[in-house]
Amino acid sequence: MSRIGKKPVNLPSGVSATVSGQSIEVKGPKGTRSFKATDDVTLTVEDNVVKITPRGTSKRARQQWGMSRTMVANLVTGVSEGFKKELEINGVGYRAQMQGNTLRLNLGLSHDVDYLPPEGVTVTAPKQTEIIVEGIDEQLVGQVAANIRAWRKPEPYKGKGIKYKDEYIFRKEGKKK
């Protein structure tokens, strides 16, 4: 039995969900998101609660049960609160600034990096050493943050680069004379 799948997804006030066939559409104050479940699970909405139940006891049905419940929970969280990733920039001369919608990164390369975030994601740079990525789609927010981080991953000797705010960089000792 799936422990995750058993839990119903509660809809907070201001959020509504409609099921049509195998797809669910969730509307909230931040926007609208939808998810199409496989034929292995059944989606039902009753009394501001979304329930997911497996069709049968096959391994695939049990796998889809927990995954579908998590996807629906992420839709509800996205349209009600949104998702946020914070990045930190460490290094001499490394900085970020917004120019319109474009994020301009100075990362010690021979050129500045201009990053235009995709539709549905907002990127802000409140300080020169901070980047905040926000949106209602958890996967897209995480991917944008990973793309920005990929320009200069943190290195283990001095810790220079772009890292997640809660990330710990394992430091190495340098050469000894």
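How many positive and how many negative side chains does the protein have, and how far apart do the centres of the two sets lie? Here are some notes that start with that point and work inwards.

1. **Charge.** There are 30 positive side chains and 19 negative ones. The centres of these two sets lie 7 Å apart. Please keep in mind as you read on that this is a predicted model.

2. **Overall shape.** The radius of gyration of the protein is 21 Å, whereas a compact globule of 177 residues would come out near 16 Å. If you turn the C-alpha trace along its principal axes, you will find that it spans about 65 × 40 × 25 Å.

3. **Secondary structure and contacts.** The chain forms 13 strands and three helices. Counting contacts between residues at least 6 apart in sequence, 50% join residues at least 24 apart.

4. **Surface and burial.** The accessible surface is about 10,900 Å², and carbon and sulfur atoms account for 48% of that area. Of the 177 residues, 35% are buried.

5. **The largest core.** The largest nonpolar core is made of 20 residues. Within this core, L103, L105, V123, I131, V133 and I148 have the most contacts. At least two core residues come from each of β7 (83-90), β9 (102-106), β10 (113-115), β11 (121-124), β12 (130-135) and α3 (138-150). Helix α3 gives the largest share, four residues.

6. **I148 as a place to look.** I148 is a handy residue to display when you explore this core. Setting aside residues up to four places away in sequence, I148 touches L87, L103, L105, Y115, V123, I131, V133 and I162.

7. **A second core.** The protein also has a second core, separate from the one above, with 18 residues. Among them are V15, V41, W65 and V72.

8. **V45.** Is V45 buried or exposed? Neither word fits: V45 counts as partly exposed because its relative accessibility is 33%, and the partly exposed class runs between the 20% limit for buried and the 50% limit for exposed. V45 sits in strand β5, which covers residues 41-46. Apart from neighbours within four places in sequence, the residues in contact with V45 are L11, A17, V19, I24 and V50. One of these partners, A17, is 28 residues from V45 along the chain, yet the C-alpha atoms of the two are separated by 7.1 Å.

Technical notes
Residues are numbered from 1 along each chain as its sequence is written. This is a predicted model: local features need pLDDT of at least 70, side-chain atom pairs count only at pLDDT 80 or more; totals for chains, interfaces and linings use all residues. Side-chain values use heavy atoms; hydrogens and water are left out. A nonpolar core is a set of buried Ala, Val, Leu, Ile, Met, Phe, Trp, Tyr and Cys residues joined through side-chain atoms within 4.5 Å. Buried means under 20% relative accessible area, exposed over 50%, partly exposed in between (1.4 Å probe, protein chains only). Contact means heavy atoms within 4.5 Å. The radius of gyration is taken over C-alpha atoms; the globule rule is 2.2 Å times the number of residues to the power 0.38. Accessible areas come from the Shrake-Rupley method with a 1.4 Å probe; for residues, only the protein chains shown count as cover. Lys and Arg count as positive and Asp and Glu as negative; His and the chain ends are not counted. The place of a charge is taken as NZ of Lys, CZ of Arg, CG of Asp or CD of Glu.
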